[in-house]
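The following exercises concern one helix and its surroundings. Please study the sequence and the structure before reading each solution.

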Amino acid sequence: MRPAHRWIVLYDIVEPKRLRKVAKITESFANRVQKSVYEAVGGHKTVEKLRSKLANVMEEGDSVAFIPICVNDWENTVRYGSKTKTSSDPAENGPIII
């Protein structure tokens with residue numbers, strides 16, 4: 001059974017030291033697909049837990065977005081380039097918290 005909730009998580013962090021902290025926290029919840037873009041699978045509780053951890057690190061001028069993606073759109077993802085994974089489902093490739 002595959003989880004129904006999938007997310008694109010992206011952020012913009014002003015200061016490099018905080019950026020490294022935010023990246024480390026986000027990588028514990030999701031798979032990095034670009035420098036500040038991640039794919040995650042999990043419910044709203046997962047996103048709230050990640051949001052809470054990030055809120056403790058982020059400051060004025062920083063931003064994060066959690067974009068929900070439906071399963072059909074997720075499965076129709078087309079990937080090109082060196083960051084292309086063998087599977088479009090991070091559940092098969094990395095950390096998942098449900």
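Contact means heavy atoms within 4.5 Å. Helices (H or I, at least four residues) and strands (E, at least two) are DSSP runs, numbered from the N terminus. This is a predicted model, in which local features need pLDDT of at least 70, side-chain atom pairs count only at pLDDT 80 or more, and totals for chains, interfaces and linings use all residues. Residues are numbered from 1 along each chain as its sequence is written, and side-chain values use heavy atoms, with hydrogens and water left out.

**Exercise 1.** Determine which residues of α1 are buried (under 20% relative accessible area, 1.4 Å probe, protein chains only; exposed is over 50%, partly exposed in between) and where they lie.

*Solution.* Step 1: the buried residues are Arg-18, Val-22, Ala-23, Ile-25 and Thr-26. Step 2: seen down the axis of α1, they fall within an arc of 165° (taken from the directions from the helix axis to the C-beta atoms), so they line one face. Step 3: the face turned away from this side carries the exposed residues Arg-20 and Lys-24.

**Exercise 2.** Identify the elements against which the buried residues of α1 pack.

*Solution.* Step 1: these elements are β1 (6-12), β2 (31-34), β3 (37-41) and α2 (44-55). Step 2: Val-22 serves as an example, touching Tyr-11, Ile-13, Leu-54, Val-57 and Met-58, with residues up to four places away in sequence not counted.

**Exercise 3.** Classify Thr-26 as buried or exposed, and list its contacts.

*Solution.* Step 1: Thr-26 belongs to α1, residues 16-27. Step 2: its relative accessibility is 0%, so Thr-26 counts as buried. Step 3: leaving aside neighbours within four places in sequence, Thr-26 contacts Val-9, Tyr-11, Tyr-38, Leu-50 and Leu-54.
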